Amino acid sequence: MTSNATSSGKTVASAVRDVFERIYGDPLKQLESLITATGLPVYKDPKTGALLWVDVRELRLRFTLSVNKLEKFIEGLRGGKLMYTQCRRCGAKYFPPQVDCPRCKASDVEWREVSTEGELVTWTVINVKPASFSHQGDYVVGIVKMPDGFNITAWIDADPKTLKPGMKMRLVVDRRPGEGYITYWFKPAF
Amino acid sequence: MTRKVAVVGVGVSKFGNRTDVSLPELAWEAVKEAFDDARLGPEDVQGFVVGNMGGWSSEALPAVVVGEYCGLVPKSGIRVEAACATGSAAVRTAYHMIASGEADIVMAIGVEKMNESPTPTVVEFIGRAGNYFWEFENFGLTFPGYYALYATAYMQRYGATEEDLCKVAVKNHYYGSLNPKAQFQRAITVEECLNSRYIAWPLKLYDSSPITDGAAAVILASEEAARKITDTPVWIKAIGYANGTANLSKRPDFVGLEAAQVAAKMAYKKAGIDPENPVKHFDVAEVHDCFTIAEIMAYEDLGFAKRGEGYKLIREGQTYIGGVIPVNLDGGLKAKGHPIGATGVSMVAELTKQLRQQAERGRQATIKNGMALAHNVGGTGHYAFVTILGLSP
Ligand SMILES: [Zn+2]
């Protein structure tokens, strides 16, 4: 079901890096010349005239998240499937999947495959994007009600003008174009 | 048995792009005004609570930095977080310190410097205010995006229009134009709002609160202390609070915020407010209008309007002075600005001024009942606080 990486060969890692270079690269060069020329990382805000000190200690954040207990979910993605959990003791269903059931306090879940079709509940188009999504065009994010008894938040691959509440949506698990990693999204079911 | 608690001093800084001050200098503007208002000094408070979301600003320990700068050391101070309701969480914590009998005078300080980071970084941080992995990492939701999911569902179900949403922005800009501390002091038209660009369809730039630096402070006191400090104490009659799920996908519907409904019910019960007709008790309200749709849902979640009819209140101008319940007479988050950690504290400061009849000309509500309500939501209904203030204890 999954295809190979995108035609450009670029993955999300370099796509995000390139955007960051564009957004934060020029200010860094300006900071360099400011220190060289004046001996201080200080300038006057052109709008307000206020004196500003540019932080010379950059802080980079890239978190490493444990998905150790979600191994079945990760395996599912590799196999083109989206998995949820169901508590073996009380029957509670979880998406996002979780291995601990706060309803009955058991930690014994069955991993099951999510149904392939659901109904659109609501959606938006992200026009102003976070820095780490700025390499993307405007994208549609929606919430889809699944017959399994939970909703799923994901991108909707459709012209937003054609969307209506209650519309049938089909689940897709594949490499995301332009980012190259396997994730899930919906597209209209017809 | 808990003790009664009063607001005895309030201060609010100028809101806006405050490149002219550091975080503690900004906090001091509000702290000093609150001390002067109560005719007290740092030596008189027994503790302080700092509301600050941070991430976009350089200080990792804002309570410590603010405590030193404002001369509060060695009094105990902590930082609290409840997303955009952080300020209300600070007020609530200070309230409990006094109600429990642990302290007699405590200060709640809200301060935020969002402009220490470039806008894309701020958008990135606020977009992560939900469930990081299942909403942001893979789907890049933004703060306006979360509320837009509600706006789409609400408009589709009840027939509210983008024009109705813009009417909220027009009202709040109008009152912001009368508030010298507001970030935006310019009235706008429905057309200007309708012509502004989409940021998260169906929400536009003019449907949104701005990125803001600002601070607010309130001094709370026990009944005994309050009577000595001031002739015009404003009493905290009740605080209701609740949370919502991190993942929006787990919510039962997208037309109202359950956390706000639960918080309102709790506050109304504590304060003896008729939940069927709460507006008859209040002279004025501050509601959380981070986006215009949020103000409309607030009308309904608070019981000011029936479910699905909130947009009619603004369509009919009922939330202006002279209507059934004047809302956001300081310009709201929309025009006054939304310095995350300061917003909830500034709501309590504003309502205290309203009840004392000290608001500027043209934006003072008529005070008949002597009661006011603040509704402060964190994230997208992730946290909610409803605080009721009154002139009698
Ligand atoms: Zn269970």
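This report describes one pocket and the cavities of a predicted model.

## Basis of the description

Residues are numbered from 1 along each chain as its sequence is written, and chains are lettered from A in the order in which they are written. Local features in this predicted model need pLDDT of at least 70, while totals for linings use all residues.

## The second largest pocket

The second largest pocket (an open set of points on a 1 Å grid over the protein atoms alone, with protein on both sides within 12 Å along at least five of seven lines) has a volume of about 660 Å³. Its lining (residues with an atom within 4 Å of a point) comprises 26 residues, of which B:Leu205, B:Ser208, B:Ser209, B:Pro210 and B:Ile211 are the closest to the centre.

Helix H4 (119-127) of chain B (helices are DSSP runs of H or I, at least four residues) gives the largest share of this lining, four residues. Helix H6 (143-158) of chain B supplies at least two. The lining holds 15 nonpolar, eight polar and three charged residues.

## The cavities

Two cavities of 30 Å³ or more are present; a cavity is a set of grid points where a 1.4 Å probe fits but cannot get out. The largest has a volume of about 40 Å³, and B:Phe15, B:Glu286 and B:Asp330 are among its lining residues. Helix H13 (332-336) and helix H14 (340-355) of chain B each give two or more residues to that lining.

The second largest cavity, of about 30 Å³, is lined by A:Phe95, A:Pro96, A:Thr153, A:Tyr184, B:Trp134, B:Asn247 and B:Ser249. Four of these residues are nonpolar, three are polar and none is charged.

Methods: This is a predicted model: local features need pLDDT of at least 70, side-chain atom pairs count only at pLDDT 80 or more; totals for chains, interfaces and linings use all residues. Side-chain values use heavy atoms; hydrogens and water are left out. Grid points are joined across faces, edges and corners, and a volume is the space filled by probe spheres set on the points. Ala, Val, Leu, Ile, Met, Phe, Trp, Tyr, Cys and Pro count as nonpolar, Asp, Glu, Lys and Arg as charged, and the others, Gly among them, as polar.
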